[in-house]
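I opened a fresh page for this one and wrote down what I looked up, in the order I looked it up. Here are my notes, for anyone who likes to follow along.

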Number of protein chains: 2
Amino acid sequence: MSQTVDRALSILPLLAEGPADLGQVAERLGVHKSTALRLLRTLHEHGLVYRQSDQRYRLGARLFALAQEAVENLDVREIAHPHLVRLNEQCGHTVHLAVHEEGEVLYIDKVESRYPVRMYSRIGKPVAITVAAVAKLLLADLPEPERRTLAEKLDYPMYTSRSIPNAPAFLRELEKVRDQGWATDLGGHEESINCVAAPIRGTDGRVVAAMSVSAPNVVVTADELLTLLPLVRRTADAISGEYSGRTPAKESSS
Amino acid sequence: MSQTVDRALSILPLLAEGPADLGQVAERLGVHKSTALRLLRTLHEHGLVYRQSDQRYRLGARLFALAQEAVENLDVREIAHPHLVRLNEQCGHTVHLAVHEEGEVLYIDKVESRYPVRMYSRIGKPVAITVAAVAKLLLADLPEPERRTLAEKLDYPMYTSRSIPNAPAFLRELEKVRDQGWATDLGGHEESINCVAAPIRGTDGRVVAAMSVSAPNVVVTADELLTLLPLVRRTADAISGEYSGRTPAKESSS
DNA sequence: AATGACTGTTGCATATATTGCAACGACCCT
DNA sequence: AGGGTCGTTGCAATATATGCAACAGTCATT
């Protein structure tokens, strides 16, 4: 570990508390003023700190820009994929990853079942938005007005007798899903297929993706599939943790 | 300035582009792998960098937390926010708040056209500095030499046929904006989008922030948008009054 | 106005901390 | 097994950061 960098970076959380002048920074770092000055200058050149008109320092603009650029370049699929594979190895069923985009819900990754049964879903294809478990999770997280507007704009095709029939029923289902933090689709899309799904969340707690495990009745019953729920949720949480950059707490003392 | 810190900080924008492994970081820094490793470790201890499961590095959660804190500590934003919301309620369009920092202009708050608050999505992103109405206001207030230097350092991308093409034209526009005390962007960034903006001033009369109302042609014509100018200016003046402590922060005299 | 106290800034010699090297271990693929 | 890549560690050399002391600017006080 580098002492110089360590000191420089310690300035950032310090300034997060509020603006501070050179003397205060030097004192709280336990270094000479000239040292603090040079560290601050370096941070300044990188735009991480900003010098306001009263000469005090505060956190700088490039912090926003960096955070912004980072989230834009974050690829959920890339991070999630190994987790999906591992989940598939553990349970053997088809695993899906989906995101919400412009009123549609799309599968963006899929690990095929190891049982010899086919399920026609294609990566990049919109899902049955009114019944799919992943869709419920993604839409349940939308702000109230947007959710309602969308729900009323949708068609509610009766794929099966258990498909969700209309907007009010859909909105009720979304409420339930949002409260419990997971979702299912028990024969709502195809009679013989059940799904259980869990949400993947970003730093701010908003749902950025959803994943599901799907299996036909002939392989496992709905009840049996539901026993996988803890595993699915654990996997989703692991992906959330990694996606939002929470460190897995290896060692903390320096 | 500190070489070690300089190198360490150079890693951040590099990782903002996307995850990278140790070798890539070392190469792009132009240092030995062991050096890069030690720098990354220090960044990691401060949570600015996260190591994902494939051992590659990406930006960490603490960076997002810092950016969040930094944006919340901007007092202009805090004071302005309720005014922006009220303006949005009155006209229904998207309202932006922006500041100038180190040659960049960034949005620090935004009230969405249809949905109320809580959209942090584009906040923190640098604006198109040569065409945005808020950028014109902020740069027009700079002292002469600084303004000229900056104008000549900028690129002038032709987003549309009405984008400002070069430094002389930009400086002329800034003069005009400074004299009239407000600014517009009529299709200079995106063909179908118009903006009207007004400055927010501190005690000393200097422009500390700028706000704008934006709307697409399909909703209101440019002429119709311009009728909002008095309202926008009154809102900006109210914020100025409160920010500089003239108005007791409750009701503005009209 | 002059003085004094305060803060930020610079040049420099010293010693400390960082660097690159080379060797090691782990892992993957052929 | 063997060759390749990638991350990691101990060590010596030297480049680099540090603290000091002196300087300059600003503001309030007398």
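**Entry 1: the two chains together.** I started with the area that chain A and chain B bury between them, which comes to about 4,600 Å². Carbon and sulfur atoms hold 64% of that area. I kept in mind throughout that this is a predicted model. Then I looked up who takes part: chain A brings 53 residues to the contact and chain B brings 51 residues.

**Entry 2: charges and polar pairs across the contact.** How many salt bridges are there between chain A and chain B? I found a count of two. I wrote down R56(B) with E78(A), whose closest N and O atoms are 2.1 Å apart. For polar contacts between the two chains, the count is eight residue pairs, with both residues at pLDDT 80 or more.

**Entry 3: the side of chain A that touches chain B.** Next I wanted the elements behind this side. Those giving two or more residues are α1 (3–16), α3 (33–45), β2 (57–59), α4 (62–73), α5 (76–91), α7 (144–153) and α10 (229–243) of chain A. Which of them gives the largest share? My note says α4(A), with twelve residues. Sorted by class, this side of chain A has 26 nonpolar, 15 polar and twelve charged residues.

**Entry 4: domains of chain A.** I checked the domain assignment, which splits chain A into domain 1 (3–62) and domain 2 (74–243). Taken over C-alpha atoms, the centres of these two domains of chain A are 46 Å apart.

**Entry 5: DNA strand C.** On to the DNA. I found 21 residues around DNA strand C, and the closest are Q3(A), T4(A), L37(A), R41(A) and T35(B). Which part of DNA strand C faces the protein, going by atoms within 4 Å? Sugar or phosphate makes up 67% of those atoms, and bases make up the rest.

I then went through single contacts. A polar backbone atom of L22(A) sits 3.2 Å from a phosphate oxygen of DNA strand C. The side chain of R7(B) also has an N or O atom 3.2 Å from a phosphate oxygen of this strand. For a base contact I noted R38(B), with a side-chain N or O atom 3.2 Å from a base nitrogen of DNA strand C.

The elements giving two or more residues to the surface near DNA strand C are α1, α2 (22–29) and α3 of chain A, along with α1 (3–16) and α3 (33–45) of chain B. Of these, α3(A) gives the most, with five residues. By class I have four nonpolar, ten polar and seven charged residues there.

**Entry 6: DNA strand D.** I repeated the lookup for the other strand. DNA strand D has 20 residues around it, the closest being T35(A), Q3(B), T4(B), L37(B) and R41(B). Of its atoms that come within 4 Å of the protein, 69% are sugar and phosphate.

My three phosphate notes for DNA strand D are these:
- T35(A) has a polar side-chain atom 2.5 Å from a phosphate oxygen.
- R7(A) has a side-chain N or O atom 2.9 Å from a phosphate oxygen.
- S2(B) has a side-chain N or O atom 3.1 Å from a phosphate oxygen.

Which elements give two or more residues to this surface? I listed α1 and α3 of chain A with α1, α2 (22–29) and α3 of chain B. Here α3(B) gives the most, with five residues. The class tally near DNA strand D is three nonpolar, ten polar and seven charged residues.

Conventions: Residues numbered from 1 in each chain as written. Chains lettered and ligands numbered in written order. Predicted model: local features only at pLDDT ≥ 70, side-chain atom pairs only at ≥ 80, totals over all residues. Heavy atoms only, no water. Contact = heavy atoms within 4.5 Å. Buried area = accessible area lost by both parts, 1.4 Å probe. Salt bridge = Lys/Arg side-chain N within 4 Å of Asp/Glu carboxyl O. Polar contact = N/O pair within 3.5 Å; in protein donor to acceptor, adjacent residues only side chain to side chain. Helix = DSSP H or I, 4+ residues; strand = E, 2+ residues; numbered from the N terminus. Nonpolar A, V, L, I, M, F, W, Y, C, P; charged D, E, K, R; others polar. Domains from an automatic or database assignment. Near = heavy atom within 4 Å.
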